[in-house]
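Me: Hi! Could you walk me through this one before I set anything up?

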Amino acid sequence: MKPLSDSERAELLPALDGWSLVEGRDAIRKRFVFEDFGAAFAWMSRVALAAEKAGHHPEWFNVYNRVDVVLSTHDAGGLTRRDVELAQRMDLYASGLL
Ligand code: HBI
């Protein structure tokens, strides 16, 4: 699968809520903060099931109610639509809208 084109980046990345580019790597990152560990882990569990179903997995680090996430597509060596889709789903789960 191919990395996002410049026009796709210009269109898709600004539309993501609170995600930013990782320095020195073609990846995006975001810090999620939840009420407590249980809420963070519940969210991680939902994301994990969706990631497994999509065959596309986050790089994440959890401490108590905080989850730091980095998304990139290893097979493509950079950002693809799969990263955008997973980011959008993570945000929907965290917002309670899904
Ligand atoms: N997750 N982020 C990410 N990037 C990948 O390239 C990837 C993945 N999950 C599974 C997966 N690739 C499989 O297709 C194998 O390449 C491991």
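Reply: Happy to; we can go through the fold, the ligand site and the salt bridges in turn. One thing up front: this is a predicted model.

Me: Good to know. How many helices and strands does the protein have?

Reply: There are three helices and four strands. Going along the sequence, they come in the order α-β-β-α-β-β-α.

Me: And how does the radius of gyration compare with the globule rule?

Reply: The radius of gyration is 13 Å, close to the 13 Å that the rule gives for 98 residues, so the protein is as compact as a globular protein of that length. If you want box dimensions, the C-alpha trace spans about 40 × 25 × 25 Å along its principal axes.

Me: Handy. What share of the residues is buried?

Reply: Of the 98 residues, 40% count as buried.

Me: Let's switch to the ligand. Which residues are around it?

Reply: The surrounding residues are Gly55, His56, His57, Ser72, Thr73, His74 and Asp75. Sorted by class, that shell has six polar residues, one charged residue and no nonpolar ones.

Me: Which backbone atoms come up close to ligand nitrogens?

Reply: Two residues to look at here. A backbone N or O atom of Gly55 is 3.2 Å from a nitrogen atom of the ligand, and a polar backbone atom of Ser72 is 2.8 Å from a ligand nitrogen.

Me: What about an oxygen atom of the ligand?

Reply: For that, look at Asp75: one of its backbone N or O atoms lies 2.8 Å from a ligand oxygen.

Me: How much of the ligand's accessible area does the protein cover?

Reply: On its own the ligand has 380 Å² of accessible area, and the protein covers 64% of that.

Me: OK, new topic. How many salt bridges are there in the whole structure?

Reply: A search of the whole structure turns up six. One of them pairs Arg81 with Glu8, with the closest N and O atoms 3.2 Å apart.

Me: Why does that pair tie together parts that are apart in sequence?

Reply: Because Arg81 sits in helix 3 (residues 81–95) while Glu8 is in helix 1 (residues 6–12), the pair links parts that are 73 residues apart in sequence.

Me: Is Glu8 buried or exposed?

Reply: Glu8 counts as buried, because its relative accessibility is 15% and the cut-off for buried is under 20%. Arg81 is at 39% and counts as partly exposed.

Me: Which residue does Arg9 meet in a salt bridge?

Reply: Arg9 pairs with Asp26, at 2.8 Å from N to O. Asp26 is in the loop between strand 1 (20–21) and strand 2 (28–33) and Arg9 is in helix 1, so this pair ties together parts 17 residues apart in sequence. Arg9 is buried, with a relative accessible area of 19%, whereas Asp26 is partly exposed at 25%.

Me: Which residues are linked in a network?

Reply: Arg31, Arg66 and Asp68 are joined in a network of salt bridges. Within it, the closest N and O atoms of Asp68 and Arg66 are 3.6 Å apart. Arg66 is partly exposed, with a relative accessible area of 27%.

Me: Last one: where is Leu13?

Reply: Leu13 is in the loop between helix 1 and strand 1, and with a relative accessible area of 16% Leu13 is buried. From C-alpha to C-alpha, Leu13 and His56 are 18 Å apart in space, with their positions 43 residues apart in sequence.

Definitions and conventions. Residues numbered from 1 in each chain as written. Predicted model: local features only at pLDDT ≥ 70, side-chain atom pairs only at ≥ 80, totals over all residues. Heavy atoms only, no water. Near = heavy atom within 4 Å. Polar contact = N/O pair within 3.5 Å; in protein donor to acceptor, adjacent residues only side chain to side chain. Areas by Shrake-Rupley, 256 points an atom, 1.4 Å probe, with all protein chains shown as cover. Nonpolar A, V, L, I, M, F, W, Y, C, P; charged D, E, K, R; others polar. Salt bridge = Lys/Arg side-chain N within 4 Å of Asp/Glu carboxyl O. Helix = DSSP H or I, 4+ residues; strand = E, 2+ residues; numbered from the N terminus. Buried < 20%, exposed > 50% of the residue type's maximum accessible area, 1.4 Å probe, protein only. Rg over C-alpha atoms; globule rule 2.2 N^0.38 Å.
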